Amino acid sequence: MKAVFFDLDDTLLWDEKSVRTTFAETCLQAEKKYGLDPQEFEEAVREAARELYMSYETYPYTVMIGINPFEGLWSNFSEPISEGFQKLNKIVPEYRRNAWTNGLKALGVDDPAYGEYLGEFFAAERRKRPFVYDETFDVLDQLKGKYELLLLTNGDPSLQKEKLAGVPELAPYFNEIVISGAFGKGKPDASIFEHCLQLMNIQKEDAVMVGDNLNTDILGASRAGIKTVWINRTDKKNETEVTPDYIISSLHDLFPILEHK
C-alpha cells in the first residue's frame, strides 16, 4: 500500500457539527425575535432550502459535482471556472434569502427582510466554526512520510479552499488536493478516482480510500477498483447496496488495515 486517499467533510473535518451548531445559533435569533421553536424552524428552513435548491436549473449540475443544499447557504461559488458555477454565483444571494424567508413563512412569519438577515447571519456564523475531529492530526502525523496522502473532496472549489484555509495546518499533509468542482465531476464518478491515481502515478491496488459517505466515497472508489474504508463513527446502519472493504469507527483503526495490506 503506497497511498491513502481521504475525504474531507465528516472524515477529517467535522462538517456535520459545524452545520448543526450554526443552524442552532441562527434559529435562536428567530426564537428571540418571533418566539419560534428553534428545532421546528430549523426543520422548516432545511426543507425550504432543499425544495428551492432542486427547483433551479443548476440542480443537475450540483448533483454531478456533489454540492448539497446546505453548502449553498454559505458558499458564494466565486470561482467562475464553468458556466455552472457562474450561474450558481448569480443565484446564490436569492437562494439564501428565500430559503430562510420560506422557512419563516412555513411557521406563519412573513418577513423577507429578516429572512435576508438570517441568511447572512448563517453564512457568517458558519465561517466561525471549522471543527476538526480530535484524532485527525494525530493520525495524519503518523501517516505522513510513510504513505503518499491525497485529499479528495466534492464541492465548490472556492468553498472547499475556504474550509482548508480555516484549518491551515491541514493542507500541508497532502501531496495532492482534488476538488470535484475543479475536476468537473464528483464522487461517485469513477473518473475522478482514476484522475487521482494518475496524479499520484500509482495503480489502483496501491491505494485505499477513506470516507464517511457510502454513496460517494465508497461507491466511487469501488467503481475504480480501489480498496475502501468506511469511517462510521456513529454506528450508522448501512442501508445501501454499497459494501465497503473495511469499516472503522475511528481513524486510528486505519493502521492495522494498512499494515496488513
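How many aromatic pairs does the structure hold? The answer is 16, and a few of them turn up in the close-ups below. Keep in mind that this is a predicted model.

**View 1. The largest nonpolar core and its best-connected members.** This core has 29 residues, and F23, F41, L73, Y95 and W100 are the ones that touch the most other members. Five helices each put in two or more residues: α1 (15–34), α2 (38–55), α3 (59–65), α4 (83–106) and α5 (112–127). The top contributor is α4, which supplies 8 residues. Nonpolar side chains tend to be buried together in soluble globular proteins.

**View 2. L73 and what it touches.** Leaving out residues up to four places away in sequence, L73 is in contact with F23, Y95, R96, A99, W100, G119, F122 and A123. Of these partners, F23, Y95 and W100 also appear with L73 among the core members that touch the most others. A separate core lies apart from this one; it has 26 residues, including F6, L140, I231 and L251.

**View 3. F23 against F70, edge-to-face.** Here's one of the 16 aromatic pairs. The two ring centres of F23 and F70 sit 6.0 Å apart, with 80° between the planes, which makes the pair edge-to-face. F23 belongs to helix α1 while F70 is in the loop between α3 and α4, so this pair ties together parts that are 47 residues apart in sequence. Are these two rings buried or exposed? F23 is buried, at 0% relative accessible area, and F70 is buried too, at 14%, because the cut-off for buried is under 20%.

**View 4. F137 with Y173, tilted.** This aromatic pair has its centres 6.0 Å apart and its planes at 35°, so it falls in the tilted class, being neither under 30 nor over 60 degrees. F137 is in helix α6 (residues 136–143), whereas Y173 is in the loop between α7 (157–166) and β3 (176–179). That links distant parts of the chain, 36 residues apart. Y173 has 13% relative accessibility and counts as buried.

**View 5. A cluster of rings.** Zoom out from the F23–F70 pair and you get a cluster: ring pairs link F23, F41, F70, W100 and F122. Two of its rings, F23 and F41, are also on the list of core residues that touch the most other members, as is W100.

**View 6. Charges over rings.** Which residue lies over the face of F131? That's K17, at 4.4 Å from the ring centre. The other example involves R233, whose charged end sits over the ring of Y133, 3.5 Å from its centre.

Terms used
Residues are numbered from 1 along each chain as its sequence is written. This is a predicted model: local features need pLDDT of at least 70, side-chain atom pairs count only at pLDDT 80 or more; totals for chains, interfaces and linings use all residues. Side-chain values use heavy atoms; hydrogens and water are left out. A nonpolar core is a set of buried Ala, Val, Leu, Ile, Met, Phe, Trp, Tyr and Cys residues joined through side-chain atoms within 4.5 Å. Buried means under 20% relative accessible area, exposed over 50%, partly exposed in between (1.4 Å probe, protein chains only). Helices (H or I, at least four residues) and strands (E, at least two) are DSSP runs, numbered from the N terminus. Contact means heavy atoms within 4.5 Å. Rings of Phe, Tyr and Trp (its six-membered ring) pair if their centres lie within 6.5 Å; planes under 30 degrees apart count as stacked, over 60 as edge-to-face and the rest as tilted. A charge sits over a ring if NZ of Lys or CZ of Arg is within 6 Å of the ring centre and within 35 degrees of the ring normal.
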